[in-house]
Amino acid sequence: MHIPLVDLKRQYLSIKKEIDEAIQKVIDNSAFIMGENVEGFENEFAKFCGIKYGVGTSSGTTALHLALVACGVKQGDEVITVPYTFIATTEAISHTAAKVVFVDIEDRSYNMDSEKIEQAITEKTRAIIPVHLFGHPADMDKIMEIAKKHNLIVIEDACQAHGAEYKGKKVGSLGDIACFSFYPGKNLGAYGDAGMAVSDNQALVEKMRLLRNHGYQKKYYHEIEGYNYRLDAIQAAILRVKLRHLEEWTEKRRKNAKLYDELLKGSGVKTPLEMEYAKHVYHLYVIGIEKREELYLRLKKNEISTAIHYPLPLHLQQAYSYLGYKKGDFPISEACTERLLSLPMFPELTEDEIKKIVEIIKKKN
Ligand SMILES: *Cc1c(COP(=O)(O)O)cnc(C)c1O
């Protein structure tokens, strides 16, 4: 019995009819670019987040870039984020020609350590991008307080955290703009690339709408130069169907996480914490273990797929050698890259599968 890290096919089979009809309808109408599904999904997902407006994009990466450009972030500016995230977060910053500045994470939620933000702020700092990593929200009240004091923009990287909550409020409704990815493996995943930026700020939303679609409202009359960052209509149609199931899938993820937590008690591995302010949506179920390589190989031998998110922190990546950081600069992030292991996690994962995984983990600890 092979157990995959994620199994997108199980989910597709459970909603096949709805999905196939939605795709066919777009093709029947030949309505591939923008239109009612894009607008419909923007409204429905924004509402899901408790926010007024959504701007559909071609990916989470382009949503982040769009957000930064709309906020006026440019060359000479600095943007603060964490080195323990997927590179898309920092690529978006670099693509505006602003400078990436890192602060370390804290080792309970694996999110930005708000205590370390202020020492990284300079006259050039314009924005902070907290990442709700693995589906667990960052400590947003503290981050927003610091941002307010220093007049900084906050863009949530919510690409892994659809539906997660901070003090009862959905992520996406906490910063100035929030960016989501609908990459197939995310908690709400398209059947290709897709993303969205959400915000209550009408002026920023209008700017993002313009930039996303070549800088025009009236066709071929361009107010500014923009990008082709549009959300594909077929993906929007698929996402509208899937959004209707998201709450149920989130509850299944949480149930799976609780079972893992329960069964892993006393096993010596560190299970993920849910801070008292948080509702975790377990995009990933990530455990901490000293002898990671040994466990990884043992699970692999038993046909259980795991993954390492992430094996090297961004400040030590070759791509960022020009920033001049060195080993030891962000010790918590570095330790996490050495110790954390992602176990299979998806809504359709069964109780028996979780039991088998835990049995193998416990065999030798
Ligand atoms: C997936 C992800 C992104 C980028 O999303 P894409 O849709 O793949 O471009 C950005 N940030 C984080 C933290 C992610 O996990």
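In this predicted model, the second largest cavity receives lining residues from both domain 1 (8–103 + 111–243) and domain 2 (246–362), so it lies between them. About 60 Å³ of space is enclosed there, and the lining is made up of Arg108, Ser109, Tyr110, Leu133, Phe134, His136, Pro272, Leu273, His280, Leu284 and Val286. By class, these residues divide into 7 nonpolar, 3 polar and 1 charged. Tyr110, one of the lining residues, belongs to the loop between β3 (99–102) and β4, and its phi is near 65°, a positive value in a residue other than glycine. With a relative accessible area of 4%, Tyr110 is buried.

The search of the whole structure returns 2 cavities of 30 Å³ or more. The largest cavity holds about 90 Å³ of space and, because domain 1 and domain 2 both give residues to its lining, it too lies between them. Val6, Asp7, Leu8, Gln11, Pro184, Gly185, Lys186, Asn187, Arg253, Phe346, Pro347 and Glu348 form this lining, which comprises 5 nonpolar, 3 polar and 4 charged residues.

The division of the protein chain into domain 1 (8–103 + 111–243) and domain 2 (246–362) places the centres of the two domains, taken over C-alpha atoms, 24 Å apart. To the contact between them, domain 1 contributes 40 residues and domain 2 contributes 36 residues.

Open pockets were examined alongside the enclosed cavities. The largest pocket has a volume of about 460 Å³; it is lined by 23 residues, of which Phe86, Gln160, Tyr183, Lys186 and His283 are the closest to its centre. Two or more lining residues come from each of α4 (60–70) and α5 (88–94), and the largest share, 3 residues, is that of α4. The lining contains 10 nonpolar, 10 polar and 3 charged residues, and since both domain 1 and domain 2 give residues to it, the largest pocket lies between them. Lys186 appears in the lining of the largest cavity and is also among the residues closest to the centre of the largest pocket.

The second largest pocket contains about 310 Å³ of space. Among its 16 lining residues, those closest to the centre are Glu206, Arg209, Leu210, Arg212 and Gln217, and the elements that supply two or more residues are α3 (36–49) and α7. Helix α7 accounts for the largest share of this lining, with 6 residues, and the lining as a whole has 6 nonpolar, 4 polar and 6 charged residues.

Helix α7 (residues 202–212) also includes Leu211, which counts as buried at 4% relative accessibility. When neighbours within four places in sequence are left aside, Leu211 is in contact with Leu66, Val69, Ala70, Ile224, Glu225, Gly226 and Tyr227. One of these pairings joins distant parts of the sequence, in that Leu211 and Val69 are 142 residues apart along the chain and 8.5 Å apart in space, C-alpha to C-alpha. In the loop between α7 and α8 (233–243) lies His214, whose phi is near 60°, a positive value in a residue other than glycine. His214 counts as partly exposed, at 33% relative accessibility.

Helix α6 (residues 140–150) has Met140, Ile143, Ile146 and Ala147 as buried residues. Seen down the axis of α6, these buried residues fall within an arc of 130°, so they line one face of the helix. They pack against β4 (125–128), β5 (153–157) and β6 (165–166), whereas the face of α6 turned away from the buried side carries the exposed residues Glu145, Lys148 and Lys149. The helix is followed by Asn151, whose phi is positive, near 60°.

A further backbone feature is found in the loop between α10 (292–301) and α11 (331–339), where Tyr310 is located. The peptide bond leading from His309 to Tyr310 is cis, with omega near 5°.

Key: Residues numbered from 1 in each chain as written. Predicted model: local features only at pLDDT ≥ 70, side-chain atom pairs only at ≥ 80, totals over all residues. Heavy atoms only, no water. Buried < 20%, exposed > 50% of the residue type's maximum accessible area, 1.4 Å probe, protein only. Helix = DSSP H or I, 4+ residues; strand = E, 2+ residues; numbered from the N terminus. Arc of directions from axis to C-beta. Contact = heavy atoms within 4.5 Å. 1 Å grid on protein atoms, 1.4 Å probe; cavity = no way out; pocket = protein on both sides within 12 Å on 5 of 7 lines; lining within 4 Å. Points joined across faces, edges and corners; volume = space filled by probe spheres on them. Nonpolar A, V, L, I, M, F, W, Y, C, P; charged D, E, K, R; others polar. Domains from an automatic or database assignment.
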